[in-house]
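Student: I should like to go through this model term by term. Could we set each statement against its definition?

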Amino acid sequence: AQVCMLGRERQLRQWTLDLARLQPGNAVLDVGCGTGTLLLAAAERVGSSGALRGIELSKEMAAHARNKAEAHRVPLEVVEGSADSLPYPPASFDAIFCTLVFHHLRQTMQETAIREMRRVLRLGGRVVIVDWQRPSSFARAIFSPLFLVNFLHSFGPSRPPMDVQSIESLMREIGFEDLAHCSFGAGGVVGAVVGRLASGTAII
């Protein structure tokens, strides 16, 4: 990722973490955590009193994430599983990330994943969904290292770019507020939808 993004990978990671407004002691979940890089970076923000959890479909990536966490002496729990069936009780986390995963999921599974993230999120907590989106300016985007990564993804079995309006509409319907859509990189090749679970929402 660092090679393909010409050094922007770390900046993208920090930008993603900033959107969640993490605090010391927060419990964090990364849905589709890959090799755990985002969670290891989050550890610096939540401190020793925080909790770090990851769920990953790939057995090999999950194992690699555990090995990395052990090497860095970070208490990180990674389980094998899917975004549409999170193995956690309601109201378990203060912040939930899902980065560059949605374009791999069919729309019905995206909706189920959002509802699952809402279920395990605490009142006042934030969900941050980051994925490829249609650039706001192709003229600018084509000069971005991220455009190359996005272009290469288009040759795989991935789904269309993130449907921001549909995601925001569903999140609003199930109790999220302070919804925001942010873009990263030249031309807005990568986008994020961020929502906070309203404090008066019923726990499901």
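Tutor: Let us begin with the surroundings of F97. This is a predicted model, in which local features need pLDDT of at least 70, side-chain atom pairs count only at pLDDT 80 or more, and totals for chains, interfaces and linings use all residues. Residues are numbered from 1 along each chain as its sequence is written, and side-chain values use heavy atoms, with hydrogens and water left out.

Student: With which residues is F97 in contact, leaving aside its neighbours within four places in sequence?

Tutor: They are T16, L17, A20, L22, V28, L29, D30, V31, L38 and V128. Contact means heavy atoms within 4.5 Å.

Student: What makes V128 the bridge partner of F97?

Tutor: V128 lies in β5 and is joined to F97 by a bridge. In total, 6 bridges join β4 to β5, which run parallel; DSSP must find at least two bridges for strands to pair, so these two qualify. Strands here are DSSP runs of E, at least two residues long.

Student: Why are β3 and β6 said to stand at the edges?

Tutor: Each has a single partner strand, so one side of each is left without a neighbour in the sheet. The order is β3-β2-β1-β4-β5-β7-β6, an open sheet of 7 strands with mixed pairing.

Student: Which residues touch the most other members of the largest nonpolar core?

Tutor: W15, L22, L52, L76 and F97 do, in a core of 32 residues. Such a core is a set of buried (under 20% relative accessible area, 1.4 Å probe, protein chains only) Ala, Val, Leu, Ile, Met, Phe, Trp, Tyr and Cys residues joined through side-chain atoms within 4.5 Å.

Notes:
Buried means under 20% relative accessible area, exposed over 50%, partly exposed in between (1.4 Å probe, protein chains only). Helices (H or I, at least four residues) and strands (E, at least two) are DSSP runs, numbered from the N terminus.
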